[in-house]
Amino acid sequence: MYTHEDLARLQAQSLKMQGWIRRQTFSPANEKTLRRFSSWEVAELIFRINQSTFRGKLAADPNLPLGEVEEDGRQRWFSLEEINELRRRVRVGKRSLLPPRPVGKRAFRAAIANFKGGAGKSTVALHFAHAAALDGYRVLVVDFDPQATLSHSMGLSDVGEDHTVWGIMARDLERETDRMNAAAAGAESGTALPQRKLPASIRDMGLGTLRPADFIKPTAWPTIDIVPSCANAAFVEFASAQYRHLNPEWTFFGAVSRFLDGLADDAYDLILFDCPPAIGYQSMNAVFAADMLYIPSGPGYWEYDSTTSFIGQLSEALEDLSHGFENFPTGKIALPKAFLDIRFLMTRYEPSNELHQAMFNAFRQVFGERMAEHPVEMTRAVEQSGRFLSSIYEIDYREMTRGTWRRARATFDQAYEEFKEHVLLAWDALEDEV
């Protein structure tokens, strides 16, 4: 017979292994650090210019960041801060190295979501965030998944549940309830609206007074911030059901959207959501805050079946909410919920596997142009990056053969470039905030 005490002992054993992995991956201070990037990477893979052109730009202006030369080496290595300074100050011909961004628009929000665990949601979110940062964008990632894989991969492990999406929702409940009560007291119609009371246990948490910045944490990447998650945030589904009972008029699905509306339009360029493998209070918040849905799926039949179930149940949930809350104020959220774009991405793809080829063709036949042309291939380097809580962009190519590293990076580069193309088209169509 096994009890909670046995589970606690098993967890303690597992935590020891987690500590060992972190020591192998992070700095001696147990903090994740970002490596430097070689002049070859900066020129050809980040700026996409000839190495001789890059060297010429550095030679022509001694005030530019020159990076560091490692002992017994000739190549220069640059930090991301130095890369971004070069991006701002260097032009190649008449071309700026800054990434495109529509003028006057807020940050674009993309939710990476599916039912299936293991579909690669966190892997895709991690790599897209890192690729976007190397591309010059400022990124905010929001981890909605209590498994917290993305948070751990970003170097955050000691996270309190108050500062997760659950805390954002509790904060929103308090603020929205106060707003509704104030409106009821001064209703122009003269109709007495009900006063909603929240128990002291909720107000005493003090979340209502927190600022948006209090939920946002820095990462090892200087241009990536995160709203992290943790295992204790799993009880958000139970807490949210209680919150809805306390205030049935609370548009719970808009909590994160209202939170993000509180950020300055130019605070970030791209906001990525890593969603849990279920439709619930957290995932619906991600969906309603998102401008685009990006749906990853593995190459097997069961993944296809799960993806089909996911879009069907999501459709039903969105329909139910659009009918159930049409008479309640939703702020900037319009009902029924509409997305600027929806895309499907195949992950863990092996080009030589006939079953994978058949499933990829089946996905394309069903979803047509909604299907991404460039699947994320499964390579040994990709497996290694996941094993050590890192993206392929964080791994120094000298730790393996350059060809192996290049192939792994190329699969994510292609997937990101296609994602970016769709984002920019939808971003241009994003209506200005009112």
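**Group meeting: helix α15, its sheet and helix α2**

Okay, so what we have here is an open sheet of 7 strands with mixed pairing, in the order β8-β9-β7-β10-β6-β11-β12. Strands are DSSP E runs of at least two residues, helices are H or I runs of at least four, both numbered from the N terminus, and two strands pair if DSSP finds at least two bridges between them. At the edges you've got β8 (217-218) and β12 (341-346), each with a single partner strand, so one side of each has no neighbour in the sheet.

Quick caveat: this is a predicted model, with local features needing pLDDT of at least 70 and side-chain atom pairs counting only at pLDDT 80 or more, while totals for chains, interfaces and linings use all residues. Residues are numbered from 1 along each chain as its sequence is written, and side-chain values use heavy atoms, leaving out hydrogens and water.

Back to that β8 edge: β8 runs antiparallel to β9 (residues 224-227), joined by 2 bridges. Lys-217 sits opposite Ile-226 in β9.

Now, α15 packs on the sheet, touching β6 (108-112), β10 (270-274), β11 (292-297) and β12. Contact here means heavy atoms within 4.5 Å.

And what does α2 do with α15? Helix α2 (residues 39-47) packs against α15 (residues 402-429) at about 30 degrees, axes 14 Å apart. Those axes are lines fitted to C-alpha atoms, for helices over the stretch in contact, with angles from 0 to 180 degrees between N-to-C directions. That makes α2 roughly parallel to α15, a label for angles under 35 degrees. Trp-40, Glu-41, Leu-45 and Ile-46 in α2 meet Arg-402, Trp-405, Arg-406 and Arg-409 in α15.

Technical notes. Parallel < 35°, antiparallel > 145°, perpendicular 65-115°, else oblique.
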